[in-house]
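Today I sat down with a new model and kept notes as I went. Here is what I looked up, entry by entry.

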Amino acid sequence: MVSHELRTPLHHIKGFATTLLQTDVEWDEATQRDFLESINREADRLSNLVEKILHLSRLEANGLPMEKEWCPVNELVDGALQRRHNLIADRPIHLHLEPDLPALYADGREIEVVLLNLIENAVKYSPSGTPIALSVHRYEDQIIFSVADQGIGIPPEHQERIFERFYRVNGRTHRVAGTGLGLAICKRIVEAHGGHIWVESKPGVGSCFQFSLPLPKTDEEDTHPRCG
């Protein structure tokens with residue numbers, strides 16, 4: 001599976017480059033630009049894939065230590081939404097953060113990666129213009145993050161396996177670009193923080209991805225900031 005995912009953009013890059021280098025054909029400027037844009041797009045795709053493979057490999061080998069610090073929940077959410085601003089520009093965003101949430105002791109950059117992946121998936125697998133709901137609340141000694149869409153949903157038999165590397169649901173992923181690594185990365189990051197990630201979904205209705213992160217001990221929690 002890895003070799004197939006790597007070869008596809010490489011074949012496209014090689015094909016367009018070889019075509020441009022042909023000496024027996026004169027391509028007009030518009031065609032040359034189309035080919036170059038395709039090469040650039042496939043190079044970005046390949047770079048993104050390699051980056052995700054390396055990220056996941058380090059997580060699986062415990063070679064990527066979590067650089068934990070105190071993170072206000074609202075800053076994690078705001079950071080992810082700002083970084084995906086262009087992607088969600090045409091979407092109503094229903095945002096709900098429970099008041100007085102305690103700060104998390106976590107690697108903020110990695111938790112933001114989880115949120116970014118879930119937001120991106122919600123956009124990919126739901127019709128343009130439909131809302132995305134993002135909420136955060138406290139449940140006992142955990143903080144629960146939720147990202148919900150009104151998209152195509154996931155059949156029950158696939159809901160556990162979608163967190164495996166390179167696993168993609170037949171039919172659901174038709175014409176949807178992706179690496180099949182995003183959710184596997186999310187799972188590893190959440191578990192490295194002592195949390196859990198899961199999905200609730202109905203085909204034709206939508207999906208709600210949720211993940212939990214444990215709160216620090218009470219005596220530590222009382223000395224650190226809260227966010228509203």
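Entry 1, a glycine to start with. Is G79 buried or exposed? I found that G79 has 15% relative accessibility and therefore counts as buried; buried means under 20% relative accessible area, exposed over 50%, and partly exposed in between, with a 1.4 Å probe and protein chains only. G79 sits in helix α3, residues 73–83; helices (H or I, at least four residues) and strands (E, at least two) are DSSP runs, numbered from the N terminus. I also checked G79 against L116, 37 residues apart along the chain, and their C-alpha atoms are separated by 9.2 Å.

Entry 2, ground rules. I am working with a predicted model, in which local features need pLDDT of at least 70 and side-chain atom pairs count only at pLDDT 80 or more, while totals for chains, interfaces and linings use all residues. Residues are numbered from 1 along each chain as its sequence is written, and side-chain values use heavy atoms, with hydrogens and water left out.

Entry 3, the chain overall. I counted 6 helices and 9 strands. Of the 228 residues, 43% are buried. I get about 12800 Å² of accessible surface, 50% of it belonging to carbon and sulfur atoms; areas come from the Shrake-Rupley method with a 1.4 Å probe, and for residues only the protein chains shown count as cover. Among contacts (heavy atoms within 4.5 Å) between residues at least 6 apart in sequence, 72% join residues at least 24 apart.

Entry 4, the core. I looked up the largest nonpolar core and it has 49 residues; such a core is a set of buried Ala, Val, Leu, Ile, Met, Phe, Trp, Tyr and Cys residues joined through side-chain atoms within 4.5 Å. Helix α4 (residues 108–124) gives the most to this core, with 8 residues. Domain 1 (1–61) and domain 2 (69–214) each supply at least three residues to this core; those bounds come from an automatic or database domain assignment. L104, V136, F145, I162 and F211 have the most contacts inside the core. I followed F145 further: beyond its neighbours within four places in sequence, its contacts include V73, L76 and V77, as well as L104, L115, V136 and F211.

Entry 5, helix α4. I see 17 residues reaching 24 Å from first C-alpha to last, close to the 24 Å expected at 1.5 Å a residue; the expected span is 1.5 Å times one less than the number of residues. Helix α4 is mostly covered, with 14 of its 17 residues buried. At its N-terminal end D107 acts as a cap, with a side-chain oxygen 3.2 Å from the backbone nitrogen of R109.

Entry 6, N117. This residue is in α4, and at 10% relative accessibility N117 counts as buried. Apart from neighbours within four places in sequence, N117 contacts K52, G182 and C186. G182 and C186 are among the buried residues of helix α5, residues 182–192. After α5 comes G194, with a positive phi near 80°.

Entry 7, backbone oddities. Most residues other than glycine have a negative phi. Where does D100 lie? I placed D100 in the loop between β2 (93–97) and β3 (101–102); its phi is positive, near 60°, and D100 is exposed, with a relative accessible area of 55%. E140 has a positive phi near 55° and is found in the loop between β5 (132–139) and β6 (142–148). At 57% relative accessibility, E140 counts as exposed.

Terms used. Polar contact = N/O pair within 3.5 Å; in protein donor to acceptor, adjacent residues only side chain to side chain.
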